[in-house]
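Student: Could you take me on a close look at the enclosed space inside this protein? I'd like to know what surrounds it, and then hear about a few places beyond it.

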Amino acid sequence: MTPSWLATLQRLLPEESRRHAFRAIALGRALPSSRNVTFLIFSDDDEEPSWILRCHRDASTAAREAMVLGEMRRRGYRLQPETVSCGACEDMHAQLLRFCKGHHGSVDLWRSPDVVDRLASELADMQTGLAAWAQSTLDAPPPLVADLCGAVQRASDVFAGGTDLARALGQARECLARVQAPALPQHGDCCTANLLWDDGAIRLLDWEHFGSVFEPFLDTWMFALSLCEDSGDPAGASLFAAGANATATECAVRRYASRVGLPAGIGREVFPLALARFIHLNMVLGRQEVARRKCRILDAYLTDSSRFMAALR
């Protein structure tokens, strides 16, 4: 009996490819409780995949990603993978994407000034270009400060009362309001694990949470924290001192800020809000361990914010 995902793949493959043999490799474990399953699809004996089959259990998540990718392609963006076709797979919702060539790259690559500049510029231009469409199509009211504090407290026992956190989040939102910062749709998980480098071209993967957050700088800070993690600093301590991570982060924040028309110092001021929003999103998705790790960074910031990214002050 043909597995349902395989039958779906056979329906979704382009007509001209069906005369070829193909093989599939699942990424991660295909458990009944998993939110999604991803397959790499190889044609004949090719060493490199031709397609990626992404199967989501949540129909709205699949529809959101397909809609976002479709809109980006319609507008001519090249930052995202290309959708080939969509369909259903039992209780899952599938889309076939053309495989993005490239490699994840070393931490030295992603800290390179030219690469950081390009990524920050492309993120800013994409967010600015899609802002009006995303607000009318995807926009949802941001959670209250109390909701963000609650998510942080559930993820970690560090924040007993949360008074300092609530104050920092309130100040960050006041800061954005004061400069009339635009509501910019964020990718939501812009980390090096989701980035590919192909001889000068950048591709960003996994767009299912695009537009869940509209406060600027979240993607920039998530990229910076992934640089820290890749370099052996999961606690983000290198952002509290001079060094390669802080230099690359300053470059990213300044470039992004200039492209969206904001002072670079705003990026530093909204860091706790960006981090709390990421923690809240991951708690909603059930990724408690990811949220817990970020809580430790947020606690370090609240303990000694004066040393955090001092070059941006």
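Tutor: Here is a walk from the cavity to two threonines and then to a pocket. Please keep in mind that this is a predicted model.

Let's begin with the cavity itself. Searching the whole structure for cavities of 30 Å³ or more turns up 1, and the largest cavity holds about 40 Å³ of space. Two elements, α4 (residues 113-137) and α7 (residues 218-230), each give two or more residues to its lining. Helix α4 has the largest share of that lining, with 4 residues. Residue by residue, the wall is made of Val116, Leu119, Ala120, Leu123, Thr220, Phe223 and Ala252. Sorted by class, that lining comes to 6 nonpolar residues and 1 polar residue, with no charged ones.

Phe223 is a handy stepping stone from here. Besides lining the largest cavity, Phe223 is among the residues that Thr192 touches. Thr192 sits in the loop that runs between α6 (163-178) and β6 (195-198). Is this loop residue buried or exposed? Thr192 counts as buried because its relative accessibility is 6%, and the cut-off for buried is under 20%. Leaving aside residues up to four places away in sequence, Thr192 is in contact with His104, Trp110, Phe223, Ser226, Leu227 and Asp230. Thr192 also has a partner in space from far along the chain: Gly105 is 87 residues away in sequence, yet the two C-alpha atoms are 8.1 Å apart.

Now for the other threonine. Thr249 belongs to helix α8, which covers residues 244-260. With a relative accessible area of 2%, Thr249 is buried too. Setting aside residues up to four places away in sequence, Thr249 touches Trp221, Ala224, Leu239 and Met309.

To finish, let's turn from the cavity to an open space, the second largest pocket. The volume of this pocket is about 350 Å³. Its lining has 18 residues, and those closest to the centre are Leu27, Thr38, Ile52, Leu205 and Asp206. Strands supply part of this wall: β2 (36-43), β3 (51-56) and β5 (92-98) each provide at least two lining residues. By class, the pocket lining has 10 nonpolar, 4 polar and 4 charged residues, whereas the lining of the largest cavity has no charged residues.

Conventions: Residues numbered from 1 in each chain as written. Predicted model: local features only at pLDDT ≥ 70, side-chain atom pairs only at ≥ 80, totals over all residues. Heavy atoms only, no water. 1 Å grid on protein atoms, 1.4 Å probe; cavity = no way out; pocket = protein on both sides within 12 Å on 5 of 7 lines; lining within 4 Å. Points joined across faces, edges and corners; volume = space filled by probe spheres on them. Nonpolar A, V, L, I, M, F, W, Y, C, P; charged D, E, K, R; others polar. Buried < 20%, exposed > 50% of the residue type's maximum accessible area, 1.4 Å probe, protein only. Contact = heavy atoms within 4.5 Å.
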